[in-house]
Structures are given as structure tokens and as C-alpha cells.
Amino acid sequence: MKAFRTTSLLARQSQAPLVFSRSPYLRRYRSTVSNAKPDVSIVEVGPRDGLQNIKTQVDTSIKIELIQRLAASGLRTIEATSFVAPKWIPQLADSKEVMQHIVASGMQKSINFPVLVPNLKGFEGAAASKAQEAVLFAAASEGFSRKNTNCSVEEALTRAEDVAKACLAQGIRARGVISCIFACPYDGPTDPAKVLSVAKRFLEMGCYEVGLGDTLGIGTAADTEKLLRILLSEIPADKLAGHYHDTYGQAVANVIKSYDMGLRTFDSSVAGLGGCPHAKGATGNVATEDVVYMFERAGVATGVDLQQLSETGDWISKQVGQKNGSRAGSALVAKGQTKPAAPPSSTKVEAASPEWRVESDDGELRVSRAGNVVKVTLTRTRNGNALSNSMVEGVTNLYNTLAKDPTVFQIILNAEGKFFCTGMDLSSSGSSASGDQAVKDDYYNKVEGLFVSIMNSPQTTIAVVDGLCYGGGVGLAFACDVRLVSPKARFTMTEIKLGLSPATISRHMIREWGISFSREAMLSGRTVTPEELKGIGAVHGIASSAEDLERLLNEYLQGLRNCAPKSAAAVKELVRLGWNDPGGEEQTKYVKHVFEQMMVPGSEGEHGMAQFRKKNKNVDWGHFWSSKLSA
Ligand code: HMG
Ligand code: MG
């Protein structure tokens, strides 16, 4: 028999006593979240185990927000959903949509999102949804196996073997979880030898770890010790994880016992959400807040911001109409009553970078997409991304096409190289150099069309400027709605020095920079800095470095996720009319029209107000529109 690692939690606590008082305690968490490598791994199972048994359908947008909030609190493994038969678990029938959102958000880069998979059909769904980890499950008792998976334990394990094989072939991690480790609602007490044999089967088929599920939440510390002594005689502690439900209030004690015997991974559910469809009266997993509280107080880092997590626990309990099942979470929320639950976008956690998928690249323009955002990158660096005929046509066509695409909410315009854009193509081969009037007219029409297509885009357009802009290049940035820039950005209206005039673009410059500022800048042809433009509100964010620009953009995009796209298009038109036709007939008519359309059935407004009444102020509009368009 192996010797157990006996780093007792009580011993740790006496080495590093903590004095509990609210503010230093919370400060300690903040520093834990940002710096320390956790000493234990917490597998948050709330979005799957926690929700699966709730009878009233929880809106997909709530599930997504729950996942975002959990991620923002520092949790790095979040069991997201199940690819099981929807008629068995209707609550999780939206697994594809949940995964779609996770993938589009780019969160998978830094966070692990396992999904439950019972068979090959579930595997196909999970793999198609780009899941990177599958959780296979089987019971240690026949009665539960039949009720939960409609098959014997052996059949469940054979299905799991098929799934594990498919996972390994596709580079998807596999984890196993055993139900009813102590007792079964149908068969009574479980033989520990059966738990050992199921655990070994999971490891043999390639699972990297096996979760020990006390489905009924009935085991005590003494039961845990007895079972672990048997399991640890053949299985290393780092291959096992505790998955303890808390029906009898013993789960924290079981976690402590398991930790003392060497286990370092524990499944838990925010607010103790959950239950089991086949185990009457069984409650959810041990509450994540209680586990985090217990570990942190013993000096064991979890990497989780407890206050933030507690607020999330409080929030989700209200959303699903259940009492908060976490004692520590409830206590902390009660203490911090004055502080409302913070939405994920206002947390200090860095916004995840979207996974950009290149859709086309013609050597001059590269178009990439991540979820509802399209990025247009100027890549003709050898002439400073000048507005050549083909560049102008390419960008114009693209904006005109995207204008008709209801699945695109934002368009980013950025550029490679030292120059964002050097403006009109002044080279001897450029159209501007032609002596032929027809060629000149054609070029004028094209350039004019380019700026109109950007200006009239129904999407929110964001120029991300990391280089020098001259003439028409300045116009390009300021035809967009928003400008985020790096310290390398400079804006020079050079026309006057070449005996030219900023004809087409003057409209955009005057509108965005204001009359006085733009007059002086155009008359002097001087270089304008980002700081000056930030001061007049024409630049909306300056990154600290070129590298930092991506973070700034991600944060900005994260904030826009809660902004409704149709409303955004209406806002743009209202602003355009406020500028072009203030007090005029067109403006008056449009204002009335927008007002009347705002709350019609099926509109964004109707949905947004319904969410507001449910206290969901962070509506995921990507989800709203994808369900609407696929209906
Ligand atoms: P079955 O009815 O025997 O399967 O269910 P079937 O092969 O006869 O198929 C029936 C229908 O389901 C068919 O559709 C299949 O296509 C469909 P129909 O022809 O009727 O339209 N189907 C599926 N659809 C989507 N995804 C799939 C899938 N498989 C079949 N993967 C099955 C057998 C195992 C599928 C079913 O019993 C099932 O899904 N059970 C899962 C139940 C469950 O999720 N329970 C809770 C999770 S386990 C748990 O909480 C314990 C744990 O937390 C640890 C612990 O605490 O103990 C992990
Ligand atoms: Mg469970």
C-alpha cells in the first residue's frame, strides 16, 4: 500500500494563520487571482450539474452569462454543458449554442470547458462544437446506471470506451466520473471494489483523471477515508478528483479528508446549485464558494476571487429562483450588501481575445471573422496601404456586402506595417496621376463611394490605428465610428503642402474634429497626435504600446457584446440626421419611426425589456440574433 501524502489542512492553517477581517481578506483574494498559481484545481460544474435538474427552462443567455461570470472570478475549469439526449435532460438541449458562444468568445484559450458525453452521438455533437474535453460517466451501481443511462454499468463503460477512443484520435481530452461511490438510491450501499474497478477502467481507456461522485451526498469523512484508502492503494492521488454532492452537509468535510489524503482536484457548483434527476432529495455539489473559503482560510490558493464568485452565486440563485446553497457565499454577500453584483465586463479580468478565422486574403486586404465581428486588415504595406484603385474597390465592396449581413455587428479596420494608410495613391501609376479626365472622374467616384460605404455601414465600425495616417488615410480612420490607437498613430492632412485639398474627406474631418480644430489642422498640414484627438473626443482609447492595442480592442469589443446591433444602426442614423438635417423633415420622420418600432413584437427592444425585468442587464445580443435568424 502506498503512503498517503499527509499535508493536513489544519497543519497548513497553523503554519499560516489568517486574521479574518473583511477588507484585508478581500485584498488577499485579489492578489491571489492575479498572481499565484493555485494549489488546488477547482472544477466548476454549476453550468452543467448545477442546472441540469432545474425544471423551468433557464434562458441560454443566462447560462452564457453564468459562464462568463465564473470565468471572470478566476475559475479555470468550467464544465459547460452536456451532449446527452435532450429528452432525458431537456434543460441542456442548448449545448450547441452554449459552446458556440464559448468558442466565439475565445475563452477556450485560457479556460478549460469540459462537456458531458454519454455515447458516440454525444461525442459527435461535442467534437463538432469544438469541445476540447469530454467527461465520460458511469455508475458504480446497476440500479442508478439503468435509471440514468438506460443501460448496465458494463454497457455504459463500453460506450465510454468508444467515446474515449474517438476523443484520443481527435486530440480531445477525456475525463471519467463515477456516480454513486458510497450508495445508490436503488441498490443501497456501494461496494468500494466496484468503484475501484470502474475507476481503473476509465484510466485504462485513456481518461487523464477520474472524478469520484457521491451522487446522493450521503458520505461522511469516515466513508471518504475508507474508500480512498482502497482506491489509493492502486491509483495515484493525482488521477482522482472529489465530486461530492452536499445533501447531508458533509461535502466540505469530505473535501478536507480527500485533500489530506493527497487529492488536489475538486468538483463543485456555484451556490451549491444542482441535484440529481434520479436521486430523490439529493442536493447539488458542494458549493464552490464554501470550498474556496475553506481552502483560502487554510492558506491553500484556489485562484478564485471569492467575493466576485459569491456575487455570482447570489445572482444565479435569483435567476433560477432557488435559495443560495452556499453558506460562505450567502454570508459574504450579506456583508457586502451595498455592493451590487458586478457584470463581467466591469471586472479586472482581461477580456479574452477572439479567435480570428481568416475568411479571405488577396494580398491587399485580409478579412477575418470572430463571432459577430469582422476584421478588415489593409496588408499592402509596400506602398503604405495607399488607396489604390483595387484597394478602394475591395474595401467598398466589402462594406456594402457586410451591410446586408445581419450576423455582423461590428467591423474593425486596421492595417499592417508602419502606415495605417497614406491616402490617395500618388504614385505615377496611380489613377490620381492620370491626365485623362474620365480616369480622374472614375477615381473620384470610387473614393467618394468608399467613404460613403463606411459612413453608411449599419454596423459599428472601429478603426484600430497603429501607424501613420496621411490625407485620405486620416479620412479612412475618421469615417469609422470609433478610433482606438497606439502611441505610434499620427494624423497628418498633407494635402495643403502638395497644392491639393482634402476634398472628399473634409466632411468627415470637420464632423469628427469640429470646425475650429480641423480648419487649423488642414490649413497647417501639421501632424496631430492621439492625445490631442483624445482631448477633443475624436479618439476613444490610446493603448500604452502597440502590443497593448489588442487588449484595448478586446475590452472594447467585450463591452459592445451587450449593445444591440439594430439599436446601434438606428443610433448611427439618428446621429447622421442630427448632423445632416437637424430639425428637418427627414430627422423628424426618422425619430418618430424609430420610436414606433422600438418595442414591436419580436424586436430587440421587446427582448431587452423582458430581460431587464428578469434583472438581466447584460443581454447577449449575438445569442438573441442567432436564435432569431435560425428560427
Ligand atoms: P436511450 O434513450 O437509451 O438512447 O438513452 P437511444 O440510443 O435509444 O436514443 C434515444 C434518443 O435519444 C434518440 O433520438 C437518439 O438519437 C437520442 P430519437 O430517435 O428518439 O429522436 N440520443 C441523443 N441525442 C443527443 N445527444 C446524445 C444522444 N444519445 C441518444 N448524446 C442515453 C441513452 C445515454 C443517451 C440517455 O440515457 C442519456 O442521455 N442519459 C444522460 C442522462 C444525464 O445526463 N444524467 C445526468 C448526468 S450524470 C450525473 O449528473 C452524475 C455526475 O454528476 C456524477 C455524480 O454526481 O454522480 C456526472
Ligand atoms: Mg454530480
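This passage describes salt bridges in a predicted model. A search of the whole structure returned 30 salt bridges. Three pairs and one network are described below.

E364 and R380 form a salt bridge in which the closest N and O atoms lie 3.0 Å apart. This pair links distant parts of the chain, with the two positions 16 residues apart in numbering. E364 is located in the loop between β12 (357-361) and β13 (365-370), while R380 is in the loop between β14 (373-378) and α15 (389-402). E364 has a relative accessible area of 12% and is therefore buried, the limit being under 20%. R380 is likewise classed as buried, at 15% relative accessibility.

A salt bridge also joins D405 to R369, with a distance of 3.7 Å between the closest N and O atoms. Here D405 belongs to the loop between α15 and β15 (410-415) and R369 to strand β13; the two are 36 residues apart, and the pair links distant parts of the chain. D405 is partly exposed, with a relative accessible area of 24%, whereas R369 is buried at 13%.

The side chains of R576 and E586 meet in a salt bridge with an N to O distance of 3.5 Å. R576 lies in helix α22 (residues 565-580) and E586 in helix α23 (residues 585-597), ten residues apart, so that the pair connects distant parts of the chain. R576 counts as partly exposed at 24% relative accessibility, and E586 counts as partly exposed at 43%.

Finally, a network of salt bridges links R48, D49 and E79.

Definitions and conventions. Residues are numbered from 1 along each chain as its sequence is written. Chains are lettered from A and ligands numbered from 1 in the order in which they are written. This is a predicted model: local features need pLDDT of at least 70, side-chain atom pairs count only at pLDDT 80 or more; totals for chains, interfaces and linings use all residues. Side-chain values use heavy atoms; hydrogens and water are left out. A salt bridge is a side-chain nitrogen of Lys or Arg within 4 Å of a carboxyl oxygen of Asp or Glu. Helices (H or I, at least four residues) and strands (E, at least two) are DSSP runs, numbered from the N terminus. Buried means under 20% relative accessible area, exposed over 50%, partly exposed in between (1.4 Å probe, protein chains only).
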